[in-house]
Amino acid sequence: MSVLDGIGNTPCVELKKVVPSGSARILVKLEWANPTGSMKDRMARAVIERAEQDGRLPPGGTVVEYTAGTTGVSLALVCAAKGYRLHVVFSDAFSEEKRRTMQALGAVITDVPSDNRRITQLLIKQMIETSRRISEQPGHWWADQLNNHDAISGYHALGEEIWQQSAGQVDAFVHAVSTAHSIHGTAEALRRHKTDLHVVAVEPAESAVLSGGPSGAHKIEGIGIGFIPPLWRPEEVNEILTVTTEDAKSMARRLAREEGIFAGTSSGANVVAALRIAERLGAGATVVTIIVDSGLRYLSTDLYRSGAESPHS
């Protein structure tokens, strides 16, 4: 057994307090129970192992990746466990906890400065180009998550777990989009069991490019890259909902105080959207969404800063 055997088989629980009477049941998959505290452990293991198998990643080589931090932390875990070096391209737009965790796990970090800590298309594209250049060095392999098809397979197990834990009762799957790997991989697995599953994508209202809106700046870490992800497959999604940064943060705080579920902003966005679908479907139906990562990653941000929101708001 290794630490990588701890990836997956995370709990799935029902929200009890934030769901209004008459709405569908909402189940949330607690992906913070993975070794690094996020769902990205699944894709990190999948892409590293596939690159090992086909020879793209040489023994003792260096993995290179651009990241908002969550993928970087997961890659750092897998690289540490397997004996690879990791060079990540990061930014001050993302939380300090992610930086320190990547460094603790042995990653080398190159920074691309942001515009007042805002997440924008320009920032993401600068990070991508910086990592591409670094990856040209001998013995380096670029994970390039946005274009890496292997990442999707890392989430098939997530869909299978949801199906089993819900006892085959899933009417809708709701999830936020970054690379689009997790929504597509999870939905693929679920649709093997239920072909008419309703799949709902979530994106920041301030940068609703999947919905046909303009690219903009927002502060929901880990989603909404400001342009259409290269591996996005709109034909596999039934609808797209937008959630504002403030609504996502507010829900994350409510989840902590009312449900005891301590999560990040993207998880708040997932639940905001899931509540809309649950209200529409009504009692008797089941909506499933993801608690992407732990709130421990956001203590240095304004998400859980003292006084950010009163306990009774």
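## A charged pocket lining

By class, how many nonpolar, polar and charged residues does the lining of the largest pocket have? The lining has 5 nonpolar, 4 polar and 9 charged residues. Keep in mind as you read that this is a predicted model.

The largest pocket holds about 360 Å³ of space. It has 18 lining residues, and the closest to its centre are A93, R117, E221, T301 and D302.

R117 deserves a second look. You'll find R117 in the loop between β5 (108–111) and α4. R117 is exposed, because its relative accessible area is 54% and the cut-off for that word is over 50%. Its backbone stands out too: most residues other than glycine have a negative phi. R117 is not a glycine, but its phi is positive, at about 60°.

## Strand β7, covered on both faces

Now let's look at strand β7, which runs over residues 172–176. Is it buried or exposed? Here 5 of the 5 residues are buried, so the strand is largely enclosed by the rest of the structure.

It helps to think about the two faces. In a regular strand the side chains alternate between the two faces of the sheet. For β7, one side carries A172, V174 and A176, the other carries F173 and H175, and every one of these residues is buried. In other words, both faces of β7 are covered.

## Who pairs with whom

Which strands does β7 pair with? One is β8 (residues 198–204), joined to β7 in the parallel sense over 5 bridges. Within that pairing, V174 has V200 of β8 as its bridge partner. Another is β10 (residues 286–291), also parallel to β7, over 3 bridges. There, F173 is matched with V288 of β10.

You can carry on from β8 to β9, since these two strands pair in the parallel sense over 5 bridges. V200 turns up again here, with E239 of β9 as its bridge partner. In β9, E239, L241 and V243 make up a covered face, while I240 and T242 make up an uncovered one.

There is also a helix in the story: β7, helix α7 (residues 181–191) and β8 form a β-α-β unit, and that unit is right-handed.

## Helix α6 and the loop after it

Helix α6 covers residues 156–165, and its buried residues are H156, L158, G159, E161, I162 and W163. What lies over them? The cover includes β2 (25–30), α1 (40–53), α5 (150–153), β7, α7 and β10.

After α6 comes A167, which sits in the loop between α6 and β7. A167 is a residue other than glycine, yet its phi is positive, near 60°. Is A167 buried or exposed? It counts as exposed, because its relative accessibility is 60% and over 50% is what that takes.

## Two cavities inside

Besides the pocket, the model has 2 cavities of 30 Å³ or more. The largest cavity has a volume of about 380 Å³. It is lined by 32 residues, with K40, A68, S178, G222 and I223 nearest its centre. The elements giving two or more residues to this lining are α2 (70–82), α4 (121–135), β7 and α7. Sorted by class, the lining has 15 nonpolar, 13 polar and 4 charged residues.

The second largest cavity contains about 60 Å³ of space. Its lining includes V177, S178, E203, G224 and P229. By class, that lining splits into 6 nonpolar, 4 polar and 1 charged.

## A closer look at I223

I223, one of the residues nearest the centre of the largest cavity, is found in the loop between β8 and β9 (239–243). Why does I223 count as buried? Its relative accessible area is 6%, and anything under 20% counts as buried.

What does I223 touch? Leaving out residues up to four places away in sequence, I223 is in contact with A176, V177, S178, P204, H218 and S266. A176 is a familiar name, as one of the buried residues of β7. S300 is 77 residues from I223 along the chain, and the C-alpha atoms of the two are separated by 19 Å.

Definitions and conventions. Residues numbered from 1 in each chain as written. Predicted model: local features only at pLDDT ≥ 70, side-chain atom pairs only at ≥ 80, totals over all residues. Heavy atoms only, no water. Buried < 20%, exposed > 50% of the residue type's maximum accessible area, 1.4 Å probe, protein only. Helix = DSSP H or I, 4+ residues; strand = E, 2+ residues; numbered from the N terminus. Pairing = 2+ DSSP bridges. Right-handed = clockwise from strand over helix to strand, strands pointing away. Contact = heavy atoms within 4.5 Å. 1 Å grid on protein atoms, 1.4 Å probe; cavity = no way out; pocket = protein on both sides within 12 Å on 5 of 7 lines; lining within 4 Å. Points joined across faces, edges and corners; volume = space filled by probe spheres on them. Nonpolar A, V, L, I, M, F, W, Y, C, P; charged D, E, K, R; others polar.
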